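User: I'd like to learn how to read a ligand site and the empty spaces in a protein model. Could you walk me through one?

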Amino acid sequence: MKKRIFSGAQPTGNLHLGNYLGALKNWVNLQNEYESFFCIVNLHAVTLPQNPEVLRQKTLDLARIYLASGVDPEISTIFIQSDVSEHAELAWILSCIARMGELERMTQFKDKGKGNAERAGVGLFTYPVLMASDILLYQTHLVPVGKDQKQHLELSRDLAERFNRDFGETFVVPEPFIPPVGANILSLQEPAKKMSKSDENANGSIFLLDDADTITKKIKRAVTDSGTTIEFDEARPAISNLLTIYQLMTGKTPAEAEAHFGGKGYGHFKSELAEAVVEFLRPFQQRVKDFDDAELNKILKDGAEKARLIACETLRDVYAKMGIVGAET
Ligand code: AQP
């Protein structure tokens, strides 16, 4: 039996290079080794206000992006979170087990709630519980995510362990898979922050569907540090971030990337980086257009059916262990 992976992305905004390098790229690399579930987490999306028509469209667009990234529906299960209602049901159970104090410590709530807990939605507060439900429903062994999700994943582990302790062995306790390079791609404009879909400054993020001209302009405008050399240096996050992107776009090692730009200036570096990103994204952008709606809907319907079988089994077990009536054992 193969071990399982589960991961997902929200159908909000436009996916950027950080989402790809921190998450999707690793899904594709791991999908042959693991039984894989990749979810479009639309229930997470509504923790912040969304336009219904846009959300509907973005949900299908995200499925296209998964496929264009190389997620193979023949070997991986791709589905929409709301098509498997067990996600919401288990989230309720886990919210009865999670503690207010542990959710209050979640930094993403503080960031996205903009420090105003009184005005923030309850769903935004309990978001990590829904994420734990997503993961635990599939008895997931490994969760490939970017660094920003590490804290949420630790909560998933804590909830699994607590449930197992209180009600008997039920859930696999998941491990994070955070790639050694690319887990925290930074904003091109404010390298103290991660690259983000919801960044108000669109110049901070390279979106996967940006055209060549836009990508080149964004890279040319990217902030750099006061130094002049092109090398990895923790004290120079802006240039290190650009060099990380270059390394991942070209498949070069850090030493090869540094050596390639030895003696060269920022202008030359940025031109080559822009070219590398454009060339990397070109076939991806072509593949996004390859899938028609009928094909997409079939993949998502089949995916939901497959996911539901496992989700039902886990939820039945949870209800039975808790004495919730109606559970078939
Ligand atoms: N900057 C990043 N570097 C590396 N990985 C990243 N991820 C997000 N930003 C970076 C990873 O992408 C996956 C899907 O993310 P999501 O759709 O759940 O959105 P998010 O984590 O909330 O991050 P975004 O893209 O910045 O969206 P907003 O602006 O809405 O918060 C996750 O595995 C995430 O770790």
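Analyst: Happy to; we'll take the ligand first, then a pocket and a cavity. Keep in mind that this is a predicted model.

User: Which residues come nearest to the ligand?

Analyst: Start with the shell, meaning residues with a heavy atom within 4 Å of the ligand. Here the shell holds 23 residues, and those that come nearest are Asp 148, Lys 194, Ser 196, Lys 197 and Ser 198.

User: How does the shell around the ligand divide by class?

Analyst: It has 13 polar residues, together with six nonpolar and four charged ones.

User: Which polar atoms lie beside the nitrogen and oxygen atoms of the ligand?

Analyst: For this, look for pairs of N or O atoms within 3.5 Å. Two of the pairs use the protein backbone: a polar backbone atom of Gly 18 is 3.1 Å from a ligand nitrogen, and a backbone N or O atom of Ile 185 lies 2.8 Å from a ligand nitrogen. Asn 19 uses its side chain instead, placing a polar atom 2.9 Å from a ligand oxygen.

User: How much of the ligand does the protein bury?

Analyst: The ligand taken alone exposes 640 Å², and the protein buries 96% of that area.

User: Which elements give two or more residues to that shell?

Analyst: They are β1 (4-9), α1 (17-30) and α6 (107-112). The largest share comes from α1, with four residues.

User: Now for the empty space. What is the general idea?

Analyst: You roll a probe the size of a water molecule over the atoms, and this shows where empty space is left. In this structure, the second largest pocket offers about 330 Å³ of space. Its lining counts 16 residues, and the closest to the pocket centre are Asn 184, Leu 186, Ser 240, Asn 241 and Thr 244. By class, that lining has eight nonpolar, five polar and three charged residues.

User: And how many cavities of 30 Å³ or more are there?

Analyst: The count is one. The largest cavity has a volume of about 60 Å³.

User: Which residues line the largest cavity?

Analyst: Its lining consists of Met 106, Gln 108, Phe 109, Lys 112, Leu 124, Phe 125, Tyr 127, Pro 128 and His 152. Both α6 and α7 (122-137) supply at least two of the lining residues, and α7 gives the most, with four. Six of the lining residues are nonpolar, two are polar and one is charged.

How values were computed: Residues are numbered from 1 along each chain as its sequence is written. This is a predicted model: local features need pLDDT of at least 70, side-chain atom pairs count only at pLDDT 80 or more; totals for chains, interfaces and linings use all residues. Side-chain values use heavy atoms; hydrogens and water are left out. A polar contact is a pair of N or O atoms within 3.5 Å; within protein, one must be able to donate a hydrogen and the other to accept it, and residues adjacent in sequence count only if both atoms are side-chain atoms. Accessible areas come from the Shrake-Rupley method with a 1.4 Å probe; for residues, only the protein chains shown count as cover. Ala, Val, Leu, Ile, Met, Phe, Trp, Tyr, Cys and Pro count as nonpolar, Asp, Glu, Lys and Arg as charged, and the others, Gly among them, as polar. On a 1 Å grid over the protein atoms alone, a cavity is a set of points where a 1.4 Å probe fits but cannot get out, and a pocket is an open set with protein on both sides within 12 Å along at least five of seven lines; lining residues have an atom within 4 Å of a point. Grid points are joined across faces, edges and corners, and a volume is the space filled by probe spheres set on the points.
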